[in-house]
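Subject: Structure handover and notes

Hello,

Here is the structure we talked about passing on. Please keep it open while you read the notes below.

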Amino acid sequence: MQQHDQKPRAERRSGKADHDIVALGIITAAIILFVGTGGSLMPKIIHSWMTDSYSPDVLLSNAVLLNIALLIFGWRRYSDLKEEVRERRLAEQRAQELAEIDPLTGCFNRRAGLPAIDRMLSQASTSGTEVAVMVLDLDNFKQVNDLKGHQLGDRVLQSVAERLGSALPAGSISIRMGGDEFACAMAYSSKASESVEKVAANIIDLVKKPITHEGLEAEVSTSLGIASTHDRGDETADLTAEELIHRADIAMYQAKKRGRNRHFWFEPAMETQFRLRNKLEGAIRRGIALGEFVPYYEQQIDIGTGELVGFEMLARWKSPQYGLVNPDVFIPIAEECELIAQLSESLIRQALRDAKDWAPHLTLSVNISPIQMRDPAFAQRLLQLLVETGFPPTRLEVEITETSLHENLPSVRAMAISLKNQGIKISLDDFGTGYASLAQLRNLPFDRLKIDRSFVAELAKSPEGGELVEAIVLLGNGMNLPITAEGIETPEVLEALKSLGKLKGQGYLYGRPEDAAATRARLSRGELPKGVEDSVSASKPAASVTTDRTAPLAHPFGDRLVS
Ligand code: C2E
Ligand code: CA
Ligand code: CA
């Protein structure tokens, strides 16, 4: 449509220009004529009008009058032209602004911002100053937008832009890179890099201040990365705006990873980690498509009777490149690149199919990421999976971690209620590692607490460790919440747990997590751990067990990329 309109407009413009040239010719001729004839004739004409005496040649008089008319016409045309030029200049200025400025925040947009930084860089290199580039990403903006509405979200972005403007020194550049991501550039003297630190700290403080709009209030924080032309241990000569933004972005990612609401300077080692993470992300994407992610199963035992009561599904990645990969490596990346729902649902589908063949009293527990709990459609999709596989909801338990509660309490509550309405049970995983309050425990419809394995491991080591687990068990009893103890590794721990009451337990003492085939074989052999003696022998690694948290994996992520 736009393409379509452009040609006629261009043609119209060139036709107008022709007219303007004709008008200009006429005016010039009129002026020459007037100067040539008007000078001698005008006094005579005026005199004849005043004295009613001899009148000059009528033809000549008319020509002079015509001449005057032409001059008036010319003047009008000139003023019109001047107005047109002014309007055109304004329109061009407006179009340029629209092309360069983000209309919501008044910051440069990305397209215009980068060349602006490049100009700052070349000025800085002539004047011998340094340029620091910061990339900011708001930490919980999506929640504000989703829960409190886009109007407040827009206001937040405007306030952040205003606050950036007030924190940055004069002559700095602010850019809205898109969504809730901003960048800025400031020149500074190489002797005063603490000025950049101060600005960054100030921005973080300012962004944190509450923002109100039409009775609603929002609070966001920001993670900030800084890259600078000033040497920070590597060769930074001739960095472009694009490269500086890339570096600041990597540093910002570190700030996010290390707990948000903070700033980090770029360091070359971050780049290596970033590349490895991106490589992994690509491999995870391909792995999902190729079905490389499979469920493993860990036995859950009634500690008192020693009977098998169910299994917890634990995800494993059978990567042709990296070997058997544990979930601590790939779950955080899958969460970050929004693959977690797809990955988790594919694993749950496989697990429901596997578990359908087990004895009908055996339960299946699955772990759910906090990201999935924010999705209001999750409960519905889980129900669809149950219908699709024909697995009874009453045999399914969903585990959510304690640490995920404080971020998402309203959505966790809504989801937990709808899952419970379908007959699914909900366990609070890793209990003791987060900050669940008694009020939260009462208000959320949990069916079970799982004591984190770090406390269980302490049980046999010190009296304090024992007291802590005992206190949790008492709490569970008081709230009518059954308890599972995770990470039972030794007969001593198991004995100590037995003395605390009726509990369920799981851990390497009973066996390592196994794949579907090994689990089926174990079940068909009826080889169930019945008590301490049996479970001691069961704790010896079986030949089919391929996963081991303590054994080094055949892949390069001993140091996990994302915590
Ligand atoms: P978790 O839910 O607390 O799972 C228990 C973890 O402890 C498992 O590690 C298990 O292999 C390990 N474990 C079990 N018994 C023992 C023991 O006696 N000693 C020790 N030291 N460790 C034991 P894994 O499989 O590496 O899983 C780590 C975490 O990854 C899980 O912790 C869970 O939070 C998460 N995860 C696993 N599968 C999934 C999944 O499908 N979705 C999501 N969102 N998270 C998952
Ligand atoms: Ca779990
Ligand atoms: Ca756990």
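The notes below start with the whole chain and then go through the metal sites, the helix packing and some single residues.

**The chain as a whole**

Please keep in mind that this is a predicted model. The protein chain has 563 residues, and 45% of them are buried. Its secondary structure consists of 19 helices and 18 strands. If you take the contacts with a separation of 6 or more, 70% of them join residues 24 or more positions apart.

**Two calcium ions**

Which residues coordinate the calcium ion (ligand 2)? The donors are Glu-312 (OE), Asn-367 (OD1), Glu-399 (OE) and Asp-429 (OD), at 2.1 to 2.3 Å. Along the sequence, these donor residues follow the spacing E-x54-N-x31-E-x29-D. Two of the donors sit in strands: Asn-367 belongs to strand E12 (residues 363–367) and Glu-399 to strand E13 (residues 396–401). The pair therefore ties together parts that are 32 residues apart in sequence. Asn-367 is partly exposed, at a relative accessible area of 30%, whereas Glu-399 is buried, at 1%.

The calcium ion (ligand 3) is held by Asp-429 (OD), Asp-430 (OD) and Glu-486, which is listed twice through OE, at 2.1 to 2.6 Å. The spacing of its donor residues in sequence is D-D-x55-E.

Which residue do the two sites share? Asp-429 coordinates both the calcium ion (ligand 2) and the calcium ion (ligand 3), and the ions are 3.8 Å apart. This bridging residue, Asp-429, is buried, with a relative accessible area of 4%. Asp-430, a donor to ligand 3, is partly exposed, with a value of 23%.

**Two pairs of helices**

The first pair to look at is helix H5 (residues 150–167) with helix H6 (residues 193–208). Their axes are 9 Å apart and make an angle of about 150 degrees. Angles over 145 degrees count as roughly antiparallel, so H5 and H6 are roughly antiparallel to each other. The crossing of H5 past H6 is right-handed. On the H5 side, the contact is made by Val-160, Arg-163, Leu-164, Ser-166 and Ala-167. On the H6 side, it is made by Val-199, Asn-202, Ile-203, Leu-206 and Val-207. Sorted by class, this contact has seven nonpolar, two polar and one charged residues.

The spacing of some contact residues along a helix can be read with one general point in mind. An α-helix has 3.6 residues a turn, so residues three or four places apart point the same way.

The other pair is H10 (340–356) with helix H12 (residues 378–389). At what angle do the axes of H10 and H12 cross? They cross at roughly 30 degrees and come within 10 Å. This crossing is also right-handed. H10 contributes Ala-341, Glu-345, Ile-348, Arg-349, Leu-352, Arg-353 and Lys-356 to the contact. From H12 come Phe-378, Arg-381, Leu-382, Leu-385, Leu-386, Glu-388 and Thr-389. By class, the contact of H10 with H12 has seven nonpolar, one polar and six charged residues.

**Helix H9 and what covers it**

Helix H9 covers residues 327–336, and its buried residues are Pro-327, Val-329, Phe-330, Pro-332, Ile-333 and Ala-334. What covers the buried residues of H9? The cover includes helix H8 (268–289), strand E9 (293–302), strand E10 (307–319), strand E11 (323–325) and helix H10 (340–356). After H9 comes Glu-338, which has a positive phi, near 55 degrees.

**Two single residues**

Thr-363 lies in strand E12, the strand that also holds the calcium donor Asn-367. Is Thr-363 buried or exposed? Thr-363 is buried, with a relative accessible area of 14%. Neighbours within four places in sequence aside, Thr-363 is in contact with Gln-300, Val-309, Gly-310, Phe-311, Trp-358, Arg-395 and Glu-397.

Asp-447 is in the loop between helix H14 (438–443) and strand E15 (448–451). The C-alpha atom of Asp-447 is 5.7 Å from that of Ser-427, although the two residues are 20 residues apart along the chain. Again with neighbours within four places in sequence left out, the contacts of Asp-447 are Lys-420, Ile-424, Lys-425, Ile-426, Leu-481 and Pro-482.

Regards

Notes. Residues are numbered from 1 along each chain as its sequence is written. Chains are lettered from A and ligands numbered from 1 in the order in which they are written. This is a predicted model: local features need pLDDT of at least 70, side-chain atom pairs count only at pLDDT 80 or more; totals for chains, interfaces and linings use all residues. Side-chain values use heavy atoms; hydrogens and water are left out. Axes are lines fitted to C-alpha atoms, for helices over the stretch in contact, and angles run from 0 to 180 degrees between N-to-C directions. Helices (H or I, at least four residues) and strands (E, at least two) are DSSP runs, numbered from the N terminus. Angles under 35 degrees count as roughly parallel, over 145 as roughly antiparallel, 65 to 115 as roughly perpendicular and the rest as oblique. A crossing is left-handed if the near helix is turned anticlockwise from the far one by less than a right angle, and right-handed if clockwise. Contact means heavy atoms within 4.5 Å. Ala, Val, Leu, Ile, Met, Phe, Trp, Tyr, Cys and Pro count as nonpolar, Asp, Glu, Lys and Arg as charged, and the others, Gly among them, as polar. Donors are N, O and S atoms within 2.8 Å of the metal (3.2 Å for Na, K and Ca); water is not among the atoms, so sites may look incomplete. Buried means under 20% relative accessible area, exposed over 50%, partly exposed in between (1.4 Å probe, protein chains only).
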